[in-house]
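Please open the model in a viewer and keep the sequence panel at hand. The tour below proceeds from one selection to the next.

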Amino acid sequence: MKTITTTEDLAEFCTAAAAHPYVTVDTEFLRERTYYSKLCLVQLAMPGDTDDTAVLVDPLADGLSLEPLYDLFRDTSVVKVFHAARQDLEIFWVDAKVFPEPLFDTQVAAMVCGFGEQVGYETLVRKIARASVDKTSRFTDWSRRPLSDAQKSYALADVTHLRDIYEFLAAELMKTGRDRWVAEELEILTSPETYDIQPDRAWERLKTRTNSPRFLGIVRELAAFRERHAQENNIPRNRVYKDDALMELASAKPKSLNDLGNLRLLLREARKGAIAEGIVAAVKRGMDCPNDDLPKPDRSREKMQINPALADLLRVLLKSKTESAGVAAKLIASSAELDAISAGERDVPALRGWRLEVFGNDALALCNGKIALAAKGGSVRTVPL
């Protein structure tokens, strides 16, 4: 197995790969101690079964540039195949502001082809490639050099079996006409907004104990400071302070560095220096924020008049439709979306694009009293009214 450590060798492989219809790609990285992923290895394979068709690329090698790989990513004549691509794409976007184009994600394709929800790579290797993957090297330290033979074999298996999986799934999608469905799903994966984290909106992912606008204003400032500090110092946000400590800070509203000593959940490192000063300043910004600029609690779900019986019928309809179409139910609609539809909400993903064809049109007809559901044996069917 070949490990590429120079830009010249990478360029040579990428030039050869550009002559093929697709290339499979995977990465190994570390993120436990950093905000941004540390890329430790890139695996590439082009069609074929000779030793030179699959390689490992060492991005930690002195002087190696990944620009030849990024040129290949920009080559729209070659499909770039990943499995569960989101974290891989984030690495490349942060490093070079580039997305592989066109992209194919075998996890998304497998969900569309009836392999279940968020199906794992090992499952696809077993069911499609009729092989197995040795997972013992999965959680090893990929930044240490030299890599062991077991690590190299494990890493290469992530792209060599992927060739068989891609060819099978691509053929299935073409046969069923569902390639357009996958393309719609991948638009989200290749959107910069998916990976560009805005510190001022970091508070939105937090679960708060109160919807007081003033409390939310302090939470917003504390979350924004934490996000910026984590980004600037490339450390995990929880190393700055954890979510429960953030909520404690928002409740206690410390006005000085001395006040931080009275808090129970704040890490010792956060009680002094830049983090401590940032906390006090963030709390002050939240306290001083004009009322009109404070966050407004999202009360849309509270106001929603959910029809429980209709929501249950929509769940039955979804199960019936996804079973007959061979698509993972989770890919079409979440439980919250079904509740929203039953309450009259129409601006939900389940009622757009390919989901409208598979489920949405019948869901709307059910809501409007135009169809009913009938059970016969182990199946459920729709009946026009």
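Two residues are in contact here when heavy atoms of theirs lie within 4.5 Å. The model is a predicted one, and every stop below should be read with that in mind.

**First stop: helix α10**

Select residues 243-252, which form helix α10. Its buried residues are A245, L246, M247, E248, L249 and A250. Now add residues 213-233 and 273-288 to the selection: these are α8 and α11, and both are among the elements that cover the buried residues of α10. Then step past the end of the helix to K253, which follows α10 and has a positive phi, near 55 degrees.

**Second stop: the six-stranded sheet**

Next, display the open sheet of six strands, in which the pairing is mixed and the order is β1-β4-β3-β2-β5-β6. Its edges are β1, at residues 2-4, and β6, at residues 103-105; each of these strands pairs on one side only. On average, neighbouring strands of the sheet are turned by 30 degrees against each other, with direction ignored.

**Third stop: strand β2 and its partners**

Within the sheet, select strand β2, residues 22-30, together with strand β3, residues 38-45. The two strands pair in the antiparallel sense over seven bridges. Two positions help to orient the view: L30 stands opposite K38 of β3, and F29 has L39 of β3 as its bridge partner.

Now add β5, residues 79-82. The pairing of β2 with β5 is parallel and runs over three bridges, and V23 stands opposite K80 of β5.

Is β2 mostly covered or mostly open? It is mostly covered, since eight of its nine residues are buried. To see one element that lies across this region, select helix α3, residues 86-96. Helix α3 lies across β2, β3, β5 and β6, and runs at about 85 degrees to β2.

**Fourth stop: T24**

Centre the view on T24, a residue of strand β2. Residues under 20% relative accessible area count as buried; T24 has a relative accessibility of 0% and therefore counts as buried. What does the side chain of T24 reach at 2.9 Å? The backbone oxygen of V159 lies at that distance from it. Beyond its neighbours within four places in sequence, T24 is in contact with Q43, L44, A45, V81, V159, L162 and R163.

**Fifth stop: helices α5 and α6**

Continue from V159 to helix α6, residues 149-176, and add helix α5, residues 121-129. The axes of the two helices come within 9 Å and cross at roughly 60 degrees; α5 and α6 are therefore oblique to each other. Their crossing is left-handed.

To display the contact between them, select these residues:

- in α5: Y121, L124, V125, I128 and A129;
- in α6: A157, D158, V159, H161, L162, D164, I165, F168 and L169.

V159 and L162 appear in this α6 list, and both are also contacts of T24.

**Last stop: the β7-β8 hairpin**

Finally, select strand β7, residues 371-376, and strand β8, residues 379-384. These strands pair in the antiparallel sense over six bridges, and K376 has S379 of β8 as its bridge partner. Together β7 and β8 form a hairpin with two residues between them. One residue to label in the turn is G377, whose phi is positive at about 65 degrees.

Technical notes: Residues numbered from 1 in each chain as written. Predicted model: local features only at pLDDT ≥ 70, side-chain atom pairs only at ≥ 80, totals over all residues. Heavy atoms only, no water. Pairing = 2+ DSSP bridges. Helix = DSSP H or I, 4+ residues; strand = E, 2+ residues; numbered from the N terminus. Axes fitted to C-alpha atoms, helices over the stretch in contact; angles between N-to-C directions. Buried < 20%, exposed > 50% of the residue type's maximum accessible area, 1.4 Å probe, protein only. Polar contact = N/O pair within 3.5 Å; in protein donor to acceptor, adjacent residues only side chain to side chain. Parallel < 35°, antiparallel > 145°, perpendicular 65-115°, else oblique. Left-handed = near helix turned anticlockwise from the far one by under 90°.
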